[in-house]
Number of protein chains: 2
Amino acid sequence: MATDYSLYLVADADYAAGRDLAGLVDAAVAGGVTIVQLRAKNLTGGAFVELGLALAGRLAERGIPLLINDRLDVALACGAAGVHLGQEDVPVPLARRILGPDATIGVSVNTPEEARRAERQGADYVGAGPAFATTTKDSPLAVLGPDGIRIIVQATRLPVVAIGGIGAGNAAELARAGAGGIAVVSAILGAPDARKAAEDLKKAFMRYL
Amino acid sequence: MATDYSLYLVADADYAAGRDLAGLVDAAVAGGVTIVQLRAKNLTGGAFVELGLALAGRLAERGIPLLINDRLDVALACGAAGVHLGQEDVPVPLARRILGPDATIGVSVNTPEEARRAERQGADYVGAGPAFATTTKDSPLAVLGPDGIRIIVQATRLPVVAIGGIGAGNAAELARAGAGGIAVVSAILGAPDARKAAEDLKKAFMRYL
């Protein structure tokens with residue numbers, strides 16, 4: 001079955017520090033999130049696995065894939081559907097060898113060249129960004145805007161998930177640019193009502209698809 | 001074949017930053033190091049794998065096992081012999097499931113209880129420390145001294161590798177306490193001559209075995 005990337009939640013443990021991340025994820029899924037990536041740059045391996053296992057159980061019941069940021073071993077330990085890799089992480093071919101043909105492997109890209117390489121190396125989707133300026137993640141990369149997203153969409157046959165600075169107000173522009181999905185952190189985790197925020201994002205993105 | 005833990009080099013990429021870690025490891029192995037753990041708390045997954053692959057090739061030629069600190073995925077990607085896990089890392093049973101029955105899995109311990117648990121969970125050896133006061137690694141843990149090492153040796157059937165503040169001047173006390181090996185970072189990587197330092201450590205440790 002094809003993976004639905006349309007509303008992709010990056011469940012960032014650092015961003016959500018001190019709050020109930022699993023509860024926020026539940027609410028976001030109830031609001032229409034179709035796939036979840038767990039990112040935890042500052043957790044130990046043990047705590048990362050523990051959180052991953054907690055999310056994996058809840059998401060599996062609802063048929064929502066869980067991806068793990070960076071750490072393939074945490075993905076294996078949690079029985080996650082796959083991983084999301086940055087340009088500095090374990091290379092895609094090694095990740096594929098370790099995780100097997102059925103795993104979902106995504107790669108962060110900022111240029112059409114990186115998207116083409118990800119495709120060549122066997123990735124399943126690319127996360128293209130930053131789509132808009134964002135403060136959630138420090139990044140020296142050029143903001144792509146809808147035009148930059150469109151160029152990446154045209155460069156690869158892989159689904160392109162736009163990420164960075166996305167909200168209900170600009171989601172439609174990305175749908176029109178050909179993005180297969182939008183990935184968000186703060187637009188859901190930082191909202192007063194995560195479920196409502198997810199519903200609004202989904203509506204905004206789907207309206208023009 | 002039983003693993004020889006007698007002179008265990010922790011090849012710490014942060015400690016060796018700016019120097020040729022692979023060259024230092026070569027020299028240390030020429031001086032008698034029997035097993036190498038690659039530790040890289042501040043490298044990205046990609047850089048960690050690259051360094052691991054560089055060491056794995058050189059060590060395999062000489063029959064010296066390479067262990068990877070913390071990251072099972074890096075160990076899998078490098079074809080390493082196994083991993084070394086801290087108390088905060090991925091739990092031993094999950095690591096065993098991911099790496100398989102032939103992998104070498106070591107665990108850091110500071111108490112007899114932790115050593116017994118590691119044994120129960122299927123670890124292959126424990127790294128017990130800090131044996132002496134050390135500045136290489138910040139640690140709030142109690143310094144064990146040779147008596148503390150002896151208590152851990154008596155608590156488990158696993159080989160006990162002592163770590164922390166070890167040099168040629170105090171290695172013999174650990175051999176007498178029953179340690180199966182000594183693990184060092186600065187005593188080799190910080191020495192003017194890594195090969196000579198390894199030779200001296202080995203001589204000091206083996207004299208009383």
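# Exercises on a predicted two-chain model

In helix 4 of chain B, the buried residues are B:Val92, B:Leu94, B:Ala95, B:Arg96, B:Ile98 and B:Leu99. The structure is a predicted model, and the exercises below work through several of its features.

## Exercise 1. The surroundings of helix 4

Determine how far helix 4 of chain B is enclosed, and state which elements cover its buried residues.

**Solution.**

Step 1. Helix 4 of chain B spans residues 92–99, and six of its eight residues are buried, so the helix is largely enclosed by the rest of the structure. A residue counts as buried when its relative accessible area is under 20%.

Step 2. The cover over these buried residues includes helix 3, strand 4 (82–85) and strand 5 (104–109) of chain B, together with helix 2 and helix 3 of chain A.

Step 3. Just after the helix, B:Gly100 adopts a positive phi of about 90 degrees.

Step 4. Turn now to chain A. Helix 4 (residues 92–99) of chain A is mostly covered, with six of its eight residues buried. These are A:Val92, A:Leu94, A:Ala95, A:Arg96, A:Ile98 and A:Leu99. They pack against helix 3, strand 4 (82–85) and strand 5 (104–109) of chain A, and also against helix 2 (45–61) and helix 3 of chain B. A:Gly100 follows the helix and has a positive phi, near 90 degrees.

## Exercise 2. The relation between the chains

Identify the operation that superposes chain A on chain B, and describe the contact between the two chains.

**Solution.**

Step 1. Chain A is superposed on chain B by a rotation of 180 degrees with 0.0 Å of shift along the axis, and the RMSD is 0.0 Å. This is therefore the relation of a two-fold axis.

Step 2. Within chain A, the C-alpha nearest the axis belongs to A:Asp73, at 2.4 Å from it.

Step 3. Both copies use the same surface, since 100% of the contact residues of chain A recur in chain B.

Step 4. The contact involves 17 residues of chain A and 17 residues of chain B. The area buried between the chains is about 1,400 Å², and carbon and sulfur atoms give 62% of it.

Step 5. On the side of chain A, the residues that lose the most area to chain B are A:Arg71, A:Asp73 and A:Ile98, which together account for 30% of what that side buries. A:Ile98 is also one of the buried residues of helix 4 of chain A.

## Exercise 3. Backbone exceptions

Locate the residues other than glycine with a positive phi, A:Asp70 and B:Asp70, and the cis peptide bonds at A:Pro130 and B:Pro130.

**Solution.**

Step 1. Begin with the general expectation: most residues other than glycine have a negative phi, and most peptide bonds are trans.

Step 2. A:Asp70 is not a glycine, yet its phi is positive, about 75 degrees. The residue is placed in the loop between strand 3 (66–69) and helix 3 (72–78) of chain A. With a relative accessible area of 10%, A:Asp70 is buried.

Step 3. In chain B, the phi of B:Asp70 is positive, near 75 degrees. B:Asp70 is placed in the loop between strand 3 (66–69) and helix 3 (72–78) of chain B, and its relative accessibility of 10% makes it count as buried.

Step 4. The peptide bond from A:Gly129 to A:Pro130 is cis, with omega near -5 degrees. A:Pro130 lies in the loop that runs between strand 6 (125–128) and helix 6 (145–155) of chain A.

Step 5. In chain B, B:Gly129 and B:Pro130 are joined by a cis peptide bond whose omega is about 0 degrees. B:Pro130 is found in the loop between strand 6 (125–128) and helix 6 (145–155) of chain B.

## Exercise 4. The second largest pocket

Describe the volume and the lining of the second largest pocket.

**Solution.**

Step 1. The second largest pocket has a volume of about 240 Å³.

Step 2. It is lined by 15 residues, of which A:Gly63, A:Ile64, A:Pro65, A:Leu66 and A:Ala81 are the closest to its centre.

Step 3. Helix 2 (residues 45–61) of chain A gives the most to this lining, with three residues.

Step 4. Sorted by class, the lining comprises ten nonpolar, four polar and one charged residues.

Conventions. Residues are numbered from 1 along each chain as its sequence is written. Chains are lettered from A and ligands numbered from 1 in the order in which they are written. This is a predicted model: local features need pLDDT of at least 70, side-chain atom pairs count only at pLDDT 80 or more; totals for chains, interfaces and linings use all residues. Side-chain values use heavy atoms; hydrogens and water are left out. On a 1 Å grid over the protein atoms alone, a cavity is a set of points where a 1.4 Å probe fits but cannot get out, and a pocket is an open set with protein on both sides within 12 Å along at least five of seven lines; lining residues have an atom within 4 Å of a point. Grid points are joined across faces, edges and corners, and a volume is the space filled by probe spheres set on the points. Helices (H or I, at least four residues) and strands (E, at least two) are DSSP runs, numbered from the N terminus. Ala, Val, Leu, Ile, Met, Phe, Trp, Tyr, Cys and Pro count as nonpolar, Asp, Glu, Lys and Arg as charged, and the others, Gly among them, as polar. Buried means under 20% relative accessible area, exposed over 50%, partly exposed in between (1.4 Å probe, protein chains only). Copies are superposed by least squares on the C-alpha atoms of residues with pLDDT of at least 70 in both. Contact means heavy atoms within 4.5 Å. Buried area is the accessible area (1.4 Å probe) that two parts lose on being put together, summed over both.
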